[in-house]
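Trainee: Could we go through this one together? I'd like to see how each label is earned.
Mentor: Sure, ask away once it's on the screen.

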Amino acid sequence: MYNLTQVAESAFPNDTYVLDLHRTADGLVSISSDQHLCQYSLDLSQGPLRRLTTNHENLTQVKVVGHSSIVCTAGTNGTTAIWDLRKDVAKVAQFVSADAPILSLACDGTANSIAVGTELEEGKHQVSISIWDVRGNTPSKLQQYVEVHSDDITELKFHPAQPNLLLSGSTDGLVNVCDTNIADEDEVIVQTFNHDASIHHAGFLSLSDAFALSHDERFAVYSLAEEHTTGTAVVDYGDLRPKLECQYVANITIKTDGSGAIIGAGAHE
Amino acid sequence: MIVFSKQLFTLTHLSKDNQAWSLDQSGRVGLPGAHGDEIVRGFCFLDEQQLVFTCGEDGKIKAWRPGG
C-alpha cells in the first residue's frame, strides 16, 4: 500500500460532524451538522473562506453542478437551496421541493434540472422523486414519481451523457433507472437492478455501467445495455469488507477522466 | 469509548480492463491516522494536484498528499 501524508486540516467546534464535501471550480464545499455550508480554497490551512448559514432544519445533502461554483443543498424541511459561490449574496434561491424530508439530491451537469428523493415518514405510505426545472427565476416541477420506490430514497444520479436518465436507489433494495421524458409513471422505469439489500450509494460508473453499494457493504456492477434488461449484476463483489480489509465503505467517487471510480473505505482495528 | 490501535482510510481504484471491472487491490492508497476513531463521511480528490480531501465525524476536514 502507498501511503499519503496529512498536510493540512480545518476543524469545526466540538461535536460537529462534517457530513460531506465536494470539489467546486476552484476549491471545496462542505456541509456540517451545525447547519453550515462552508467554502474553502485548496489551501485548507486558511480555514473556511465563507460560512453560509443554511435553512433546511437538518441539512442532509450537498451537490455541485459539474465542477462549477453552483451548489445545491437540501434537508429535512423539504426545501432545496441553490447557491452561486461567485456572488456576494451566495444564495440564489430556496424553494419547497418535496412534501417530506429530503434524503437524496441530484443536479444535472448543466444546472437545468434537479431531482430530490424523500424519506418514508411514519404513518405515510409513499415516497417521492420530484424533478424540477430550475432555469429562470421560479422553479417548476417537471415530474413527480410516487411508485418507483417503496421506502427511503437514499440516492439519485443523472446519467453523465443522457440527462433524461435518472438513477435512484432506495432502502427497498432496488436501483431503478427512469426515463424522465416518459410522462406516464407506469412506464418510466427502463431498468431495475434488484440488489436485494438496502441501498447506501449507487451511480453511473461509465456511460454503460452502474454500481450499487448496500448499507451492509455489498457491492455489484450492473450493465445498462439492452441485452442486460433482466437487471442481474455483471460483477457481484459481495461484501467488500474482507476484500478491502475495512469495517465500512464511506462512498464511491467517479473519476472525471473516465477511468472508473475510487472506493473509500475505513478500518479500525 | 473503544480505543482502536489502527486507524486507516483507504482508496481503491475500480477500473475497467478488457471489458471487465476489477479492483486494483495492489495499488491501494492509505491515509494513516484518518480521522482517529471517528467515521470518515466523505472524500474527494484532485488527481492533477495530487491532493485528497476527507471529512469526518471528528469535525475535521483534512488534506493529504504523497510524500512526507
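**Sheets, contacts and labels**

Mentor: Let's start with an open sheet of chain A, where four strands with antiparallel pairing come in the order β2-β3-β4-β5. Bear in mind that this is a predicted model.

Trainee: What makes β2 and β5 of chain A the edge strands?

Mentor: Each of them, β2 (18-23) and β5 (50-53), pairs on one side only. From one strand to the next, the twist averages 20°.

Trainee: How do you know that β3 and β4 of chain A pair?

Mentor: Pairing takes at least two bridges found by DSSP. Strand β3 (residues 28-32) and strand β4 (residues 36-40) of chain A have five bridges, in the antiparallel sense, so they pair by that rule. For an example, look at A:Ile31, whose bridge partner in β4(A) is A:Leu37.

Trainee: Which strands make up the open sheet that includes β10 of chain A?

Mentor: That sheet also has four strands, β10-β11-β12-β13 (chain A), paired antiparallel. At its edges are β10 and β13 (140-145) of chain A, each pairing on one side only. Neighbouring strands are turned by 20° against each other on average, with direction ignored.

Trainee: And how many bridges join β12 of chain A to β13(A)?

Mentor: Five bridges, with β12 (residues 129-133) running antiparallel to β13(A). A:Ser130 has A:Gln144 as its bridge partner in β13(A).

Trainee: Now across the chains: what makes β1 of chain A and β3(B) a pair?

Mentor: The cut-off is at least two bridges. Strand β1 (residues 2-11) of chain A and β3(B) have two bridges, in the parallel sense, so the pair meets the cut-off. At A:Asn3, the bridge partner in β3(B) is B:Gly30.

Trainee: How many residues are in contact between the chains?

Mentor: On chain B, 48 residues are in contact with 47 residues of chain A. β1 (7-17), β2 (20-23), β3 (29-32), β4 (40-46), β5 (51-56) and β6 (60-66) of chain B each supply at least two residues to the side that touches chain A. β1(B) gives the most, with 10 residues. By class, that side of chain B has 25 nonpolar, 14 polar and nine charged residues.

Trainee: How does the radius of gyration of chain B stand against that of a compact globule?

Mentor: For a compact globule of 68 residues you'd expect a value near 11 Å, but chain B has 14 Å. Along its principal axes, the C-alpha trace of chain B spans about 45 × 25 × 20 Å. Chain B has zero helices and six strands, and buried residues are 41% of its 68 residues. Take the contacts in chain B between residues at least 6 apart in sequence: 21% of them join residues at least 24 apart.

Trainee: Why is A:Leu240 called buried?

Mentor: A residue counts as buried at 20 or more other C-beta atoms within 10 Å. A:Leu240 has 22 C-beta neighbours inside 10 Å, so buried is the right label. A:Leu240 sits in helix α1 of chain A and touches A:Glu217, A:Phe219, A:Val249 and A:Ala265, leaving out residues up to four places away in sequence. Its C-alpha atom is 9.2 Å from that of A:Leu213, 27 residues apart along the chain.

Trainee: And why is A:Asp196 called exposed?

Mentor: Exposed is the label at 12 or fewer. A:Asp196 has 11 C-beta neighbours inside 10 Å, so A:Asp196 counts as exposed. A:Asp196 is in the loop between β17 (189-194) and β18 (199-204) of chain A.

Trainee: What makes the phi of A:Asp196 worth a look?

Mentor: Most residues other than glycine have a negative phi. A:Asp196 is not a glycine, yet has a positive phi of about 60°. A:Glu245 is another non-glycine residue with a positive phi, near 50°, in the loop between α1 (240-244) and β22 (248-254) of chain A.

Trainee: Why is A:Glu245 called partly exposed?

Mentor: That label covers counts between the exposed limit of 12 and the buried limit of 20. A:Glu245 has 15 other C-beta atoms within 10 Å, so partly exposed fits.

Trainee: Last one: which residues have the most contacts inside the largest nonpolar core?

Mentor: A:Ile114, A:Ala210, A:Phe211, A:Ala212, B:Val52 and B:Phe53, in a core of 93 residues. Strand β10 (residues 102-107) of chain A gives the largest share, five residues.

Terms used
Residues numbered from 1 in each chain as written. Chains lettered and ligands numbered in written order. Predicted model: local features only at pLDDT ≥ 70, side-chain atom pairs only at ≥ 80, totals over all residues. Core = buried A, V, L, I, M, F, W, Y, C linked by C-beta atoms within 7 Å. Axes fitted to C-alpha atoms, helices over the stretch in contact; angles between N-to-C directions. Contact = placed C-beta atoms within 7 Å. Nonpolar A, V, L, I, M, F, W, Y, C, P; charged D, E, K, R; others polar. Rg over C-alpha atoms; globule rule 2.2 N^0.38 Å.
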